[in-house]
Amino acid sequence: MIECKYGKQNRLFINHLGELIPCCYVNAEAINMGAGQSPKTLFGSLNQKFNNSLYENTIEDIINGPLFNGIKESWNTNNPVEKCNKTCKQKIRDKFEDRYQ
Ligand code: SF4
């Protein structure tokens with residue numbers, strides 16, 4: 001079972017592009033797509049398909065819209081959003097290494 005860390009904590013994430021996304025864990029792909037890269041995962045495909053810009057939508061519209069619902073619906077399939085499966089189900093988190101210590 002996927003236990004959404006941000007959802008459980010009633011948190012959301014707004015990136016520097018003004019996009020409302022569920023959490024920081026999926027932001028790397030959102031930023032890469034903002035820089036012109038093609039989607040690489042299911043999150044990316046959903047993010048590309050549905051507008052989640054706060055310049056054009058309300059918070060409520062995005063939270064109740066197809067991007068967030070698509071992510072949640074994926075959790076009960078054999079193909080959940082990869083970051084959700086890895087980060088919040090398997091608890092495998094990216095490690096930050098400070099090379100300038
Ligand atoms: S990776 Fe998925 S399950 Fe985890 S906090 Fe983000 S949206 Fe929720």
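Let me begin with Gly-18, which counts as exposed because 12 C-beta neighbours lie inside 10 Å of it, and a residue is called exposed if that number is 12 or fewer. Please keep in mind throughout that what we have in front of us is a predicted model. Gly-18 lies in the loop between strand S1 and strand S2, the latter covering residues 20–21. If we leave aside its neighbours within four places in sequence, Gly-18 is in contact with Ser-53, Leu-54 and Tyr-55. As for the distance to a residue further along the chain, the C-alpha atoms of Gly-18 and Ile-92 are separated by 27 Å, and these two residues are 74 residues apart along the chain.

Let me turn now to the ligand and to what surrounds it. Which residues, of the 15 around the ligand, come nearest? They are Cys-4, Pro-22, Cys-23, Cys-84 and Cys-88. The elements that give two or more residues to this shell are helix H1, residues 5–8, and helix H6, residues 82–89. It is H6 that gives the most to the shell around the ligand, with 4 residues. When the residues of that shell are divided by class, we find 11 nonpolar, 2 polar and 2 charged.

The next topic is how the helices pack, and I would like to take two pairs that share helix H3. In the first pair, helix H2, which covers residues 27–34, packs with helix H3, which covers residues 42–49, at an angle of about 50°, and their axes are 10 Å apart. Why do we describe H2 and H3 as oblique to each other? An angle under 35 degrees would count as roughly parallel, and one from 65 to 115 as roughly perpendicular, and since about 50° belongs to neither range, H2 and H3 are therefore oblique. The crossing of H2 and H3 is right-handed. On the H2 side the contact is made by Glu-29, Ala-30 and Met-33, and these meet Phe-43, Gly-44, Asn-47 and Gln-48 in H3. By class, this contact of H2 with H3 has 3 nonpolar, 3 polar and 1 charged residues.

In the second pair, H3 is joined by helix H5, residues 66–74, and the axes of H3 and H5 come within 9 Å and cross at roughly 155°. That makes H3 roughly antiparallel to H5, because angles over 145 degrees are counted in that way. The crossing of H3 and H5 is right-handed. Here Leu-42, Phe-43, Leu-46 and Asn-47 in H3 meet Leu-67, Gly-70, Ile-71 and Ser-74 in H5. The residues of this contact divide into 5 nonpolar, 3 polar and no charged.

Staying with helix H5 for a moment, I would like to look at two of its residues. Gly-70, which is found in helix H5, is partly exposed, with 17 other C-beta atoms within 10 Å. From Gly-70 to Pro-80 the distance is 9.6 Å, C-alpha to C-alpha, and the two are 10 residues apart in sequence. Asn-69 is also found in helix H5, and with 13 C-beta neighbours inside 10 Å, Asn-69 counts as partly exposed. Asn-69 and Met-1 are 68 residues apart in sequence, and in space they are 17 Å apart, again C-alpha to C-alpha.

Last, a word about the backbone. Most residues other than glycine have a negative phi. Where in the chain do we find Asn-10, a residue with a positive value? Asn-10 is found in the loop between H1 and strand S1, residues 13–14, and its phi is near 55°. With 6 C-beta neighbours inside 10 Å, Asn-10 counts as exposed. Lys-91, whose place is in the segment after H6, also has a positive phi, near 60°. Is Lys-91 buried or exposed? With 9 C-beta neighbours inside 10 Å, Lys-91 counts as exposed.

Note on methods: Residues numbered from 1 in each chain as written. Predicted model: local features only at pLDDT ≥ 70, side-chain atom pairs only at ≥ 80, totals over all residues. Near = placed C-beta within 6 Å. Nonpolar A, V, L, I, M, F, W, Y, C, P; charged D, E, K, R; others polar. Axes fitted to C-alpha atoms, helices over the stretch in contact; angles between N-to-C directions. Left-handed = near helix turned anticlockwise from the far one by under 90°. Contact = placed C-beta atoms within 7 Å. Buried ≥ 20, exposed ≤ 12 C-beta atoms within 10 Å, placed from the backbone.
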